[in-house]
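Notebook open, model loaded. I'm jotting down what I look up as I go.

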Amino acid sequence: METPNAPNPGGAAPPGTATELNHRLGTLLERIAQGDQPAFAEFYQLTSRRVFGMARRVLIDLELSEDTTQEVFLQVWQNASRFNPEAGSPLAWLMTISHRRAVDKVRSSQSSTDREAKYGASSQEIDHDSVSDEVGSRLEAEAVVRCLETLTDTQQESVRLAYYGGLTYREVAEKLNAAIPTIKSRIRDGLIRLKTCLGVS
């Protein structure tokens, strides 16, 4: 398969509207379910950037995002027959798979990340507060993905960079071109809302 974020000048122009795109994707899924490889190639061409973008937002890491993208499309190839148009659009189905795969990738690497974090915490002071530590220690990835959607855009962006990206307040502030107190407020407010949503006591 081609790299998902690479240009594809030889491909056909994608459908113009979301309705047209979903109609096309539904047709392609029917063909994919019958083992149609050209249909699968077109499905990949039309959706790979979206899947890769979703993975990259959750995972941050480029290589992990590319691996996750390939896993998503392998799942599409194997399970196209399970798509139920009455349950939602083809694109929504695909992005749900993408979200779950990305979150699973986070969970699968969490144990090693936890070991590294414990070592780091013992050797230097981490620029995060106790609210972050409390929520982070009790995360359930799928619940977090759901609860993140309840935050404002600015809170989501700051929390993702701090939690998934492992950045300090200062690094998040530099990346978002905002004052450190502003970033601290966004992250603290966002984590408090996450804590409430997750039922962390």
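First lookup: is glycine 35 buried, partly exposed or exposed? I get 40% relative accessibility, so glycine 35 counts as partly exposed, because the buried class stops at under 20% and the exposed class begins at over 50%. Note to self: this is a predicted model.

Where does glycine 35 sit? I find glycine 35 in the loop between α1 (18-32) and α2 (37-59). I also checked its distance to tryptophan 77, which is 42 residues away along the chain: the two C-alpha atoms are 8.0 Å apart.

**Whole chain**

I stepped back for the overall picture. I count 10 helices and zero strands, so the pattern along the sequence is just α-α-α-α-α-α-α-α-α-α. The chain has 201 residues, and 38% of them count as buried. For contacts with a separation of 6 or more, I get 68% between residues 24 or more positions apart. The accessible surface comes out at about 11700 Å², with 48% of that on carbon and sulfur atoms.

**Helix α2**

Next I went along α2 from its N-terminal end. Aspartate 36 caps that end, with a side-chain oxygen 3.0 Å from the backbone nitrogen of alanine 39. Then I looked at the length of α2. A straight helix of 23 residues would span 33 Å at 1.5 Å a residue, but α2 spans only 29 Å between its end C-alpha atoms. I looked for a bend too, and there is a kink of about 55 degrees in α2, centred on threonine 47.

What comes after α2? Isoleucine 60 follows, and its phi is positive, near 70 degrees. I flagged that value since isoleucine 60 is a residue other than glycine. Isoleucine 60 lies in the loop between α2 and α3, and I get a relative accessible area of 32%, so isoleucine 60 is partly exposed.

**Serine 65**

Is serine 65 buried or exposed? Serine 65 is buried, at a relative accessible area of 0%. I place serine 65 in helix α3 (residues 62-79). Skipping residues up to four places away in sequence, I list its contacts as Phe52, Ala55, Arg56, Leu59 and Ile60. So the isoleucine from the loop after α2 turns up again here, touching serine 65.

**Cores**

I then pulled up the nonpolar cores. The largest has 22 residues, and those with the most contacts inside it are Leu25, Leu29, Ile32, Phe43, Val76 and Leu94. α1, α2, α3 and α4 (90-108) each supply at least two residues of this core. Which helix gives the most? That is α2, with seven residues.

I picked leucine 94 for a closer look. Leaving aside neighbours within four places in sequence, leucine 94 is in contact with Phe43, Thr47, Val51, Val72 and Val76. Thr47, where the kink in α2 is centred, is one of those contacts.

There is also a second, separate core of 15 residues, which includes Leu151, Leu161, Tyr169 and Leu176.

**Asparagine 177**

Last lookup: what is the phi of asparagine 177? I read a value near 55 degrees, again positive in a residue other than glycine. Asparagine 177 is in the loop between α9 (169-176) and α10 (180-198). At 71% relative accessibility, I log asparagine 177 as exposed.

Methods. Residues numbered from 1 in each chain as written. Predicted model: local features only at pLDDT ≥ 70, side-chain atom pairs only at ≥ 80, totals over all residues. Heavy atoms only, no water. Helix = DSSP H or I, 4+ residues; strand = E, 2+ residues; numbered from the N terminus. Buried < 20%, exposed > 50% of the residue type's maximum accessible area, 1.4 Å probe, protein only. Contact = heavy atoms within 4.5 Å. Areas by Shrake-Rupley, 256 points an atom, 1.4 Å probe, with all protein chains shown as cover. Expected span 1.5 Å × (residues − 1). Bend = angle between axes of the 7 residues up to and from the residue. Polar contact = N/O pair within 3.5 Å; in protein donor to acceptor, adjacent residues only side chain to side chain. Core = buried A, V, L, I, M, F, W, Y, C linked by side-chain atoms within 4.5 Å.
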